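The following exercises are to be worked through with the sequence and the model at hand. Each task is followed by a solution in steps.

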Amino acid sequence: MPEPTFDELIEAMKQAAGILQDGGIPFALGGGLAAWARGGPRSEHDVDLMIRREDADEALEAFAQAGFRTERPPEGWLYKAWHSNGVLIDLIFNPSGGAITTETIEATPVLEVMALRVPVATPEDVLASKLLAITEQEPQFGGVLELARALREQIDWDALRERTESSPFAKAFFTLADELGIVEQTRA
């Protein structure tokens with residue numbers, strides 16, 4: 001299936017946010033669309049919505065009731081729903097950086113995204129999640145470097161380093177980012 005268009009992503013994001021808001025389910029916009037909402041490049045992959053584990057089953061049921069095709073994949077850290085236009089919506093409750101909590105969502109700033117007011121993950125949240133998800137099987141840095149370059153003035157680099165210090169891939173990213181001049185080296 002071809003990648004969705006940006007307009008299709010926005011349509012799916014708006015409907016998905018409405019489903020969660022109508023159901024009283026707390027969430028935050030994450031991933032590429034969160035980065036875009038803060039000035040990053042356009043995302044044309046999927047919609048990431050961060051939810052608490054205790055709300056995941058209710059959220060998935062709400063999407064099924066709204067006519068979305070849904071799935072509980074074996075990974076155990078997210079559920080999936082597909083909009084009728086083909087856009088994948090990931091309902092993420094336990095990303096690599098740790099479980100989504102009430103505190104996580106409450107600390108997420110609310111922004112206006114295409115005339116919809118929603119909590120939008122910070123650049124540090126998006127990058128930490130992406131950096132901690134890098135593995136030996138897929139050691140790809142292009143996407144995170146692109147986001148870091150686009151959002152560099154908004155990023156608390158010291159906080160991001162601290163949040164990702166356990167990852168050798170994050171250390172490699174910081175070496176690349178430092179050498180490419182994306183971030184000034186802040187540590188000796």
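The radius of gyration is taken over C-alpha atoms, and the globule rule is 2.2 Å times the number of residues to the power 0.38. The structure is a predicted model, in which local features need pLDDT of at least 70 and side-chain atom pairs count only at pLDDT 80 or more, while totals for chains, interfaces and linings use all residues. Residues are numbered from 1 along each chain as its sequence is written, and side-chain values use heavy atoms, with hydrogens and water left out.

**Exercise 1. Overall form**

Task: Compare the radius of gyration of the protein with that of a compact globule, and describe its dimensions and secondary structure.

Solution.
Step 1. For 188 residues, the rule gives a compact globule a radius of gyration near 16 Å; the protein has 16 Å, so the two agree.
Step 2. The C-alpha trace spans about 55 × 35 × 30 Å along its principal axes.
Step 3. Helices (H or I, at least four residues) and strands (E, at least two) are DSSP runs, numbered from the N terminus. The protein has eight helices and seven strands.
Step 4. Burial is judged by relative accessible area: buried means under 20%, exposed over 50%, and partly exposed in between (1.4 Å probe, protein chains only). Of the 188 residues, 48% count as buried.

**Exercise 2. Salt bridges**

Task: State how many salt bridges a search of the whole structure finds, and examine the pairs of Arg52, Arg152 and Asp178.

Solution.
Step 1. Side chains of opposite charge can pair when their charged atoms come close. The criterion for a salt bridge is a side-chain nitrogen of Lys or Arg within 4 Å of a carboxyl oxygen of Asp or Glu.
Step 2. The search of the whole structure finds seven salt bridges.
Step 3. Arg52 is paired with Asp55 at 2.7 Å, N to O, and both residues are buried. Arg52 and Asp55 also belong to a network of salt bridges with Glu54.
Step 4. Arg152 and Glu153 form a salt bridge at 3.4 Å, N to O. Arg152 counts as partly exposed because its relative accessibility is 29%, whereas Glu153, at 66%, counts as exposed.
Step 5. In the salt bridge between Asp178 and Arg161, the closest N and O atoms are 3.0 Å apart. Asp178 lies in helix H8 (residues 168-179) and Arg161 in helix H7 (residues 157-164), so this pair ties together parts that are 17 residues apart in sequence. Both Asp178 and Arg161 are buried.

**Exercise 3. A charged patch**

Task: Identify the residues of the negative surface patch, then locate Glu44 and classify its exposure.

Solution.
Step 1. Patches are made of residues with over 30% relative accessible area and no salt bridge; like charges are joined within 9 Å, and nonpolar side chains (Val, Leu, Ile, Met, Phe, Trp, Tyr) within 5 Å. Accessible areas come from the Shrake-Rupley method with a 1.4 Å probe, and for residues only the protein chains shown count as cover.
Step 2. Lys and Arg count as positive and Asp and Glu as negative, with His and the chain ends not counted. Each charge is placed at NZ of Lys, CZ of Arg, CG of Asp or CD of Glu.
Step 3. Glu3, Asp7, Glu11 and Glu44 form the negative surface patch.
Step 4. Glu44 is located in the loop between helix H2 (31-37) and strand S2 (47-51). Its relative accessible area is 39%, so Glu44 is partly exposed.

**Exercise 4. Backbone and loop between S6 and S7**

Task: Determine which sign of phi Met114 and Ala115 have, and how exposed each residue is.

Solution.
Step 1. Met114 lies in the loop between S6 and strand S7 (116-119), and Ala115 is found in the loop between S6 and S7.
Step 2. Although not a glycine, Met114 has a positive phi of about 50 degrees. Ala115, also not a glycine, has a positive phi of about 70 degrees.
Step 3. Met114 is partly exposed, because its relative accessibility is 38%. Ala115 has a relative accessible area of 67% and is therefore exposed.

**Exercise 5. Sequence and spatial separation**

Task: Give the separation in sequence and in space for Val110 with Glu8 and for Pro139 with Ala66.

Solution.
Step 1. Val110 belongs to strand S6 (residues 110-113) and is partly exposed at 42% relative accessible area. Val110 and Glu8 are 102 residues apart along the chain, and their C-alpha atoms are separated by 22 Å.
Step 2. Pro139 is in the loop between helix H5 (123-133) and helix H6 (142-151). Pro139 and Ala66 are 73 residues apart in sequence and 37 Å apart in space, C-alpha to C-alpha.
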